[in-house]
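Reader: I would like to learn how to read salt bridges in a protein model. Please take me through an example.

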Amino acid sequence: MTDGPGGQRLSVERLTVLYDARCSLCLHLRQWLMKQRQLVPLDLVPAASEEARRRFPGLDHAGTLDEITVIGDRGQIYRGTSAWIVCLWALAEHRPRAHWLTTPAGRPFARATVLAAAKYRSLTAPPCGEGGGDGACTVPGSEG
């Protein structure tokens, strides 16, 4: 459940995870998420792909390549640490951990994990703009 406009509670029935299809860590985590028992179904879509652009035309798609983004079926947007936590929250065996990661004790651990993953990704994923000359990322399934 998340807060919607005016503080009303919105239930989350489906989440879309936008992942960087050029990143080996992201691809590994995508496979891992797909193997988990999901309490909330996860759609895994390459960030900045044609599919992502079709589903979410108003989203900053370049930004989704810089930071994990998860979108709820009612328009909720989670980025960075919150996105990782909501992914865990969607999984049967990891929901209790997700709740703990939102506490004052758990939040620093979640943040450190996201920062470590970002550092690894920065060292292993190909940088945007290589080869194309226009600074754009080449994303599988994207027409630019």
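Reader: Is E13 buried, partly exposed or exposed?

Author: This is a predicted model. E13 has a relative accessible area of 46%. Buried means under 20% and exposed over 50%, so E13 is partly exposed.

Reader: Which residue forms a salt bridge with E13?

Author: The general idea is to look for a side-chain nitrogen of Lys or Arg within 4 Å of a carboxyl oxygen of Asp or Glu. Here the partner of E13 is R74, with the closest N and O atoms 3.2 Å apart. E13 sits in the loop between β2 and β3, while R74 sits in the loop between β5 and β6, 61 residues apart. R74 is also partly exposed, at 43% relative accessibility.

Reader: How many salt bridges does the structure hold?

Author: There are seven. Among them is the one between D43 and R14, at 2.9 Å from N to O. D43 belongs to strand β4 and R14 to the loop between β2 and β3, so this salt bridge ties together parts that are 29 residues apart in sequence.

Reader: Is D43 buried or exposed?

Author: D43 is buried, with a relative accessible area of 17%. R14 counts as partly exposed at 36%.

Reader: Where does R55 lie, and how far along the chain is D43?

Author: R55 is in helix α2, 12 residues apart from D43 in strand β4. The side chains of D43 and R55 meet in a salt bridge of 3.5 Å, N to O. R55 is partly exposed, at 32%.

Reader: Which residues are joined into one network by salt bridges that share partners?

Author: The network consists of R14, D43, E51, R54 and R55.

Methods. Residues numbered from 1 in each chain as written. Predicted model: local features only at pLDDT ≥ 70, side-chain atom pairs only at ≥ 80, totals over all residues. Heavy atoms only, no water. Helix = DSSP H or I, 4+ residues; strand = E, 2+ residues; numbered from the N terminus. Buried < 20%, exposed > 50% of the residue type's maximum accessible area, 1.4 Å probe, protein only.
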